[in-house]
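Me: I am new to reading protein structures. Can we go through this one in short steps?
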Amino acid sequence: MLINSGTSRSIVLHGNIHDLFFIQSEKHEDYIPLVPFLTRSWDIPGFTLIVYELNGPLRFLNTNDRDSLKNAFLSWRKLIGSDLIKSSELSSERNLSELTDPKSQKLQGFTDDKFEKYLNDAIGSPTLALELLRQFCLISRTNNPDGKPLLSDKLIIFIEATDMLLPEGEIRSLNISDRHRVSIVQDWISDSDFMKSSDTVVFIAESKSLIHSRIMRLPQVVSVEIPSPDENDRKHFISWFNRTQKPKDTVLNLWGSQSQLAMLTAGLSIQALRQLLLSVCYSGHKLQPDTVIEKVSDFIQDQLGEDVVEFKKPNHSLKDIIGNKKLIEYLRSQLIPRITSTGKDAISGFSVCGPIGSGKTFIFEGLAGELDIPVLVLKNIRSMWFGQTDVIFERLRRLLMALVNVLIFVDEADTQFGGVGTDAHSTERRLTGKIQAMMSEPHLRGNITWLLMTARIYNLSPDLRREGRVGDIVIPVLDPIGEDREEFLRWTLNNVISTELNQETLERFQDLTEGYSAASFGSLRADLEAAKTRKGELTEDEIVSVISDRILPNIGPIRKYQTLQAYLNCTRKSLLPVDYSPEIRESWTQQIKQLESQGITG
């Protein structure tokens, strides 16, 4: 539509460009790479298709197109009285004056052989290749003296690996050849005559962020994303493979239906799915869900990098959580139904806050285990390399669009996203803005649930914390009190003391563990287990000795600050361990200000 309507003559195709695409004719159907798919799809009368590959030749779809363009090139040079330099001189990218200045007087004459020489010299010389393509478009819109066009066909030019030809970066940091190519393309697609013509240039790159911004920022350049295959695409490929492509005398042995396999392979490209099916046919073993999940996990980590993302399948569930009775009940009765819903009550995400050591990660990994759905853990999406953060985000977004019913787990979220203020780096602001926009996308609601965890929720962007993103539900995870604290204490002691704890003994241990967090109880349990290993069954006095020898880390004021912030940011009164009123809320604010005046900011 873009080409037929003339909306744009400069198109950037990006995204899932390295995959296979289905094409069908009366006698044949197949899955083929992108460029062959495009050239076959657009091989219609009235169009001349040219493909340029980095370090490869300028390829024409058929010989007649090549001959037609050669004749037009010759006529054009004769028409304007061009004198050309030796083709050997054109092999150097230092001198393109002959192509860029058709009135050069360096050498008389121009022959068919010279045209072929230009094409040959363009191999391995991308600057010359781009200038040739630009002039082909100039020829296409030039008429003979009788008013007829020199070239009757419209041109469609495909340029592969555009990110390597026109790399992003500060213009002054690019080498002279890169700068020259950026200049050629900018002049080419900014020419008003080209924009009004019927020719089209299609730039192909995995990420539009890697193409120089001087090109991408031009208003006439339209980017088109090629998405990852959805469930219907995968289902079609599985059926087609089973009918036509599985090796002879083999069976596609699945644990379930093809539809179940299509659903479970969400996130895989057609290429990766093909490899999986070929492997199953070769081995003869029945394909199991665990194998599919492992393949999806490996593929996603390969695409984004192991330091960026991790697939996690927690081994514990909510029944393994100690204490936190009110919170666990809320998760089961209120939150899980909304995470699993695909209706209007589905949530886009929620956030979890609370002081360090309160057990946030363990509890919500247990939630993921309870849900029995894939958990995608974002670890580090801010790259140290220029431009790579945008590339990672584009890959992540393309992946999430293909996934179904996944929990996105972001621990230490305040360090992952950062802020959007003027003091934040431009890359950080851009990344946070894109994540915020993605959280609000209606068609992801019910498929993707974001879980942002941080002890410093006040450092998260306010735009992230607003309702409609992860601000709908902000859950505090706090130190155990009352019955929860007693349960933690019993859990801490149950492996090292055989006698039943009476109330007096229990109160004694409670006094000794005043101020303990969930992490503190876990650490004490490990100390007591070590003492038991050395001494055998411990007496009450020996337990007291171990506890009395411990000194809690000097982080009490910081944890208090984080606890107050958790109170202040909580969005459900029922999750607070204390009464709520506007006056009490104001007292939290005053306590926070008092701590900040002492230099304590968490």
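Me: In which helix do phenylalanine 73 and tryptophan 76 both lie?
Reply: This is a predicted model. Phenylalanine 73 and tryptophan 76 are 3 residues apart, about one turn of the helix. The helix covers residues 63-80, and it is H3.

Me: Are phenylalanine 73 and tryptophan 76 stacked, tilted or edge-to-face?
Reply: The count comes to 19 aromatic pairs. Phenylalanine 73 and tryptophan 76 form one of them, at 6.1 Å centre to centre. Planes over 60 degrees apart count as edge-to-face. Here the angle between the planes is 90 degrees, so the pair is edge-to-face.

Me: Is phenylalanine 73 buried or exposed?
Reply: Phenylalanine 73 belongs to a core of 43 residues. A nonpolar core is a set of buried residues. Phenylalanine 73, like tryptophan 76, is buried.

Me: What is the angle between the planes of tyrosine 580 and tryptophan 588?
Reply: These two rings form an aromatic pair, 6.2 Å centre to centre. The pair is tilted. The angle between the planes is 55 degrees.

Me: Which residue of that pair, tyrosine 580 or tryptophan 588, is buried?
Reply: Buried means under 20% relative accessible area. Tyrosine 580 has 32% relative accessibility, so it counts as partly exposed. With a relative accessible area of 4%, the buried residue is tryptophan 588.

Me: Which tryptophan is in the aromatic cluster with Phe22?
Reply: The cluster also includes Tyr31, Phe237 and Phe241. Its tryptophan is Trp240.

Me: How many residues of strand S7 are buried?
Reply: Strand S7 runs over residues 200-204 and is mostly covered. Thr200, Val202 and Ile204 point one way, and all three are buried. Val201 and Phe203 point the other way and are buried too. The count is 5 of 5.

Me: In which sense does S7 pair with strand S1?
Reply: Strand S1 covers residues 10-15. S1 and S7 pair over 4 bridges, and in S7 the bridge partner of serine 10 is valine 201. The sense is parallel.

Me: In S7, which residue is the bridge partner of isoleucine 159?
Reply: Strand S6 covers residues 154-159. S6 and S7 pair in the parallel sense over 4 bridges. The partner of isoleucine 159 is phenylalanine 203.

Me: How many residues are in the largest nonpolar core?
Reply: The residues with the most contacts inside this core are Leu331, Phe350, Phe364 and Trp450. Leucine 331 touches residues including Leu318, Ile336, Phe364 and Ile475. The core has 96 residues.

Me: How many residues are in the second, separate core?
Reply: This core includes Leu69, Phe73, Ile159 and Val201. Its size is 43 residues.

Me: Why does cysteine 570 form no bond with cysteine 353?
Reply: A disulfide needs two cysteine sulfur atoms within 2.5 Å. The structure holds 0 disulfides. Cysteine 353 has the closest cysteine sulfur to that of cysteine 570, but it is too far for a bond because the distance is 7.0 Å.

Me: Is cysteine 570 buried or exposed?
Reply: The buried class lies under 20% relative accessible area. Cysteine 570 has 11% relative accessibility, so it counts as buried.

Me: Which side chain does a polar contact join to glutamate 131?
Reply: Glutamate 131 is found in helix H7, residues 126-140. At 1% relative accessibility, glutamate 131 counts as buried. The contact spans 2.7 Å, and the other side chain is that of arginine 134.

Definitions and conventions
Residues are numbered from 1 along each chain as its sequence is written. This is a predicted model: local features need pLDDT of at least 70, side-chain atom pairs count only at pLDDT 80 or more; totals for chains, interfaces and linings use all residues. Side-chain values use heavy atoms; hydrogens and water are left out. Buried means under 20% relative accessible area, exposed over 50%, partly exposed in between (1.4 Å probe, protein chains only). Helices (H or I, at least four residues) and strands (E, at least two) are DSSP runs, numbered from the N terminus. Two strands pair if DSSP finds at least two bridges between them. A nonpolar core is a set of buried Ala, Val, Leu, Ile, Met, Phe, Trp, Tyr and Cys residues joined through side-chain atoms within 4.5 Å. Contact means heavy atoms within 4.5 Å. Rings of Phe, Tyr and Trp (its six-membered ring) pair if their centres lie within 6.5 Å; planes under 30 degrees apart count as stacked, over 60 as edge-to-face and the rest as tilted. A polar contact is a pair of N or O atoms within 3.5 Å; within protein, one must be able to donate a hydrogen and the other to accept it, and residues adjacent in sequence count only if both atoms are side-chain atoms. Lists of a residue's contacts leave out its neighbours within four places in sequence.
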